Amino acid sequence: MPLNPEERQQFLAQPHIAALAVSAGADRGPLNVPIWYQYVPGGEVWVLTGAQSQKMRRITEAGRFSLMVEEVEPRVRYVSVEGPVTRVEPTTDAQHREMVARYLPADKVEAYLAYAESLGDQVTVSMRPEHWLSADMGDIREI
């Protein structure tokens with residue numbers, strides 16, 4: 001059963017690991033990689049990536065990308081969004097901290113941010129969700 005608009009936005013707002021998919025060209029399947037993301041219901045989705053990464057090159061070429069997040073326990077649910085890139089900007093320290101704190105325990109944030117400095121320049125890529133797919137297939141304990 002599809003999720004209603006409020007349910008799917010609330011589900012997407014949770015800190016799941018997303019699968020980012022973007023076109024890799026006419027003779028290839030899409031580039032599909034795990035990624036952290038941020039989303040507030042009603043707003044844009046944003047991700048961080050290396051300024052010179054393959055992801056960024058593909059996103060720039062395509063001008064759009066998809067994210068899919070899922071949960072398999074205790075319920076089988078997923079939300080997928082696809083839409084155009086609305087902006088690309090250098091990642092601020094505040095954005096980087098927000099993203100890391102969303103996914104890591106508080107006592108690990110500083111160490112990760114220090115490590116991330118070795119990864120090179122990061123950019124924040126924002127996308128406006130235009131197309132949504134979602135489903136709630138129920139509690140797997142009842143199957």
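Reader: Does Ser134 count as buried or exposed, and what is its relative accessibility?

Author: Ser134 counts as buried because its relative accessibility is 14%. Buried means under 20% relative accessible area, exposed means over 50%, and partly exposed lies in between, using a 1.4 Å probe and protein chains only. A word on the source: this is a predicted model, in which local features need pLDDT of at least 70 and side-chain atom pairs count only at pLDDT 80 or more, while totals for chains, interfaces and linings use all residues. Residues are numbered from 1 along each chain as its sequence is written, and side-chain values use heavy atoms, with hydrogens and water left out.

Reader: Which strand does Ser134 lie in, and which residues does it touch?

Author: Ser134 belongs to strand β8. Helices (H or I, at least four residues) and strands (E, at least two) are DSSP runs, numbered from the N terminus. Contact means heavy atoms within 4.5 Å. Not counting residues up to four places away in sequence, Ser134 touches Pro2, Leu3, Arg8, Tyr78 and Val79. With Leu3 there is also a polar link: the backbone nitrogen of Leu3 lies 3.1 Å from a polar atom of the Ser134 side chain. A polar contact is a pair of N or O atoms within 3.5 Å; within protein, one must be able to donate a hydrogen and the other to accept it, and residues adjacent in sequence count only if both atoms are side-chain atoms.

Reader: What about Asp136 in that strand: buried or exposed?

Author: Asp136, found in β8, counts as buried at 16% relative accessibility. Leaving aside neighbours within four places in sequence, Asp136 is in contact with Met1, Leu3, Arg75, Val76 and Arg77. The side chains of Asp136 and Arg77 are joined by a polar contact of 3.2 Å. Try one more pair in the viewer: Asp136 and Glu7 are 129 residues apart in sequence, but their C-alpha atoms are 9.9 Å apart in space.

Reader: How many aromatic pairs does the structure hold?

Author: A pair of aromatic rings is described by the distance of the centres and the angle of the planes. Rings of Phe, Tyr and Trp (its six-membered ring) pair if their centres lie within 6.5 Å; planes under 30 degrees apart count as stacked, over 60 as edge-to-face and the rest as tilted. This structure holds four such pairs. One of them joins Tyr39 and Trp132, edge-to-face, with 6.2 Å from centre to centre and 70° between the planes. Tyr39 lies in β3 (residues 37–39) and Trp132 in β8 (residues 131–139), so the pair ties together parts that are 93 residues apart in sequence. Both Tyr39 and Trp132 are buried. Elsewhere, Trp36, Tyr103, Tyr112 and Tyr115 form one aromatic cluster.

Reader: Which residue stands opposite Tyr39 in β4?

Author: That is Val45. Two strands pair if DSSP finds at least two bridges between them. Here β3 and β4 run antiparallel and are joined by three bridges. Their hairpin has five residues between the strands, and Gly42 takes a positive phi near 90° there. Six of the six residues of β4 are buried, so β4 is largely enclosed by the rest of the structure.

Reader: How many bridges join β4 to β7?

Author: Six bridges join β4 to β7 (residues 122–127), and these strands run antiparallel. Val45 has Met127 as its bridge partner in β7, while Val47 has Val125. β6 pairs with β7 too, in the antiparallel sense, over five bridges; there the partner of Val88 is Val125.

Reader: Which residues are on each side of β7?

Author: In a regular strand the side chains alternate between the two faces of the sheet. In β7, Gln122, Thr124 and Ser126 are on one side and Val123, Val125 and Met127 on the other, and all are buried.

Reader: Which residues of helix α1 are buried, and what covers them?

Author: In α1 (residues 5–13), Phe11, Leu12 and Ala13 are buried. Their cover includes β3, β4 and β8, which we have met, along with β5 (64–71), β6 (75–90) and α3 (93–103). At the start of α1, a side-chain oxygen of Asn4 reaches to within 3.0 Å of the backbone nitrogen of Glu6.
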